[in-house]
Amino acid sequence: MYIGYKVKGILGIILGIPIGMVLINFYKSGAFDGIIEDIRYIANDIVRLRKYKGNNDKNHKNNQNNE
């Protein structure tokens, strides 16, 4: 209701409730499962990339110190 109010005032409150209910039912029925799975996959890749880059930077600094 708050988001609807901020977007379109009283009309947003009236329309926000049924739209929210429809979106919740879509989520419960699994309509967004593919999208959510893709987002998790991308987020996992980003985390792995950051860990790899972090380890690679540490190894690079250690090699510079040893020389």
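## Two helices and an exposed nonpolar patch

Of the 67 residues in the chain, 3% are buried, a value that, like every other given here, was computed from a predicted model. The chain contains two helices and zero strands, and it exposes about 6500 Å² of surface, of which carbon and sulfur atoms supply 61%.

Helix H1, which covers residues 2-29, departs from a straight course. Although H1 has 28 residues, its end C-alpha atoms are only 25 Å apart, whereas a straight helix would reach 40 Å at 1.5 Å a residue. A kink of about 145° is found in H1, and this kink is centred on lysine 8. After H1 comes glycine 30, which has a positive phi near 95°.

A nonpolar patch lies on the surface and is formed by Tyr5, Ile10, Leu11, Ile14, Leu15, Ile19, Val22, Leu23 and Phe26, which together have about 900 Å² of accessible area. One of these residues, isoleucine 10, belongs to helix H1, and with a relative accessible area of 57% isoleucine 10 is exposed.

Phe26, a member of that patch, also takes part in an aromatic contact. The structure holds one aromatic pair, in which phenylalanine 26 meets phenylalanine 32 edge-to-face, with the centres 6.5 Å apart and 80° between the planes. Phenylalanine 26 is partly exposed at 43% relative accessible area, and phenylalanine 32 is likewise partly exposed, at 26%.

A search of the whole structure for salt bridges finds one, and it joins aspartate 45 to arginine 48, with the closest N and O atoms 3.5 Å apart. In general, side chains of opposite charge can pair when their charged atoms come close. Both partners lie in helix H2 (residues 33-66), and because they are three residues apart in this helix, about one helical turn separates aspartate 45 from arginine 48. An α-helix has 3.6 residues a turn, so residues three or four places apart point the same way. Aspartate 45 is partly exposed, with a relative accessible area of 27%, while arginine 48, at 54%, counts as exposed.

The table below gathers the accessibility of the individual residues discussed above.

| Residue | Relative accessible area | Class |
|---|---|---|
| Isoleucine 10 | 57% | exposed |
| Phenylalanine 26 | 43% | partly exposed |
| Phenylalanine 32 | 26% | partly exposed |
| Aspartate 45 | 27% | partly exposed |
| Arginine 48 | 54% | exposed |

Conventions: Residues numbered from 1 in each chain as written. Predicted model: local features only at pLDDT ≥ 70, side-chain atom pairs only at ≥ 80, totals over all residues. Heavy atoms only, no water. Salt bridge = Lys/Arg side-chain N within 4 Å of Asp/Glu carboxyl O. Helix = DSSP H or I, 4+ residues; strand = E, 2+ residues; numbered from the N terminus. Buried < 20%, exposed > 50% of the residue type's maximum accessible area, 1.4 Å probe, protein only. Phe/Tyr/Trp six-rings, centres within 6.5 Å; stacked < 30°, edge-to-face > 60°. Patch = residues over 30% accessible without salt bridge, like charges linked within 9 Å, V, L, I, M, F, W, Y side chains within 5 Å. Areas by Shrake-Rupley, 256 points an atom, 1.4 Å probe, with all protein chains shown as cover. Expected span 1.5 Å × (residues − 1). Bend = angle between axes of the 7 residues up to and from the residue.
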